[in-house]
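Welcome! Take a moment with the sequence and the 3D view, and then let us walk through a few features together.

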Amino acid sequence: MSEAADPSEDLVEQISRTTGLTPEDARRVVADVLAYFTETTEQYVRRRHRELQTYGARNDEIFARLGTELRHWPVRSPELSARQLRRIVYG
């Protein structure tokens, strides 16, 4: 592996080798995981708000749920009030 190579390629090879996924599928999995862990709090809140609205949830329910989810989110987030969450979504 050259110095300029993408370090995630080692992970792609490992996942492909241990799961039987094709290198292309393993690359997609790695890209999805990296995107998940680099998503900002604001991106997460907006995405989840849209997802939950799609399933018919109301804003009061959504903001309560988001507050709970953020406490358990793998990327540390400050504790946000429902008002702060509304601001993220609606500006």
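## A partly exposed ring and its partner

This is a predicted model. A good place to begin is Phe 37, which counts as partly exposed because its relative accessibility is 44%. Tyr 36 has a relative accessibility of 36%, so this residue is partly exposed too.

The model holds 2 aromatic pairs. One of them joins Tyr 36 and Phe 37 edge-to-face, with 5.2 Å from centre to centre and 90 degrees between the planes.

## A buried, tilted pair

Tyr 44 and Trp 73 also pair up: their ring centres are 4.6 Å apart and their planes stand at 35 degrees, so this pair is tilted. Tyr 44 belongs to helix 3 (residues 41-54), while Trp 73 sits in the loop between helix 4 and helix 5, so the pair ties together parts that are 29 residues apart in sequence.

Are these two residues buried or exposed? Tyr 44 has 7% relative accessibility and therefore counts as buried. Trp 73, at 7% as well, is likewise buried.

## Where helix 4 meets helix 5

Helix 4 (residues 59-72) packs against helix 5 (residues 82-90) at an angle of about 105 degrees, and their axes are 10 Å apart. The two helices are therefore roughly perpendicular to each other.

On the helix 4 side, the contact is made by Asn 59, Asp 60, Phe 63, Leu 66, Gly 67 and Leu 70. Helix 5 contributes Ala 82, Leu 85, Arg 86, Val 89 and Tyr 90. Sorted by character, the residues of this contact are 7 nonpolar, 2 polar and 2 charged.

Key: Residues numbered from 1 in each chain as written. Predicted model: local features only at pLDDT ≥ 70, side-chain atom pairs only at ≥ 80, totals over all residues. Heavy atoms only, no water. Axes fitted to C-alpha atoms, helices over the stretch in contact; angles between N-to-C directions. Helix = DSSP H or I, 4+ residues; strand = E, 2+ residues; numbered from the N terminus. Parallel < 35°, antiparallel > 145°, perpendicular 65-115°, else oblique. Contact = heavy atoms within 4.5 Å. Nonpolar A, V, L, I, M, F, W, Y, C, P; charged D, E, K, R; others polar. Phe/Tyr/Trp six-rings, centres within 6.5 Å; stacked < 30°, edge-to-face > 60°. Buried < 20%, exposed > 50% of the residue type's maximum accessible area, 1.4 Å probe, protein only.
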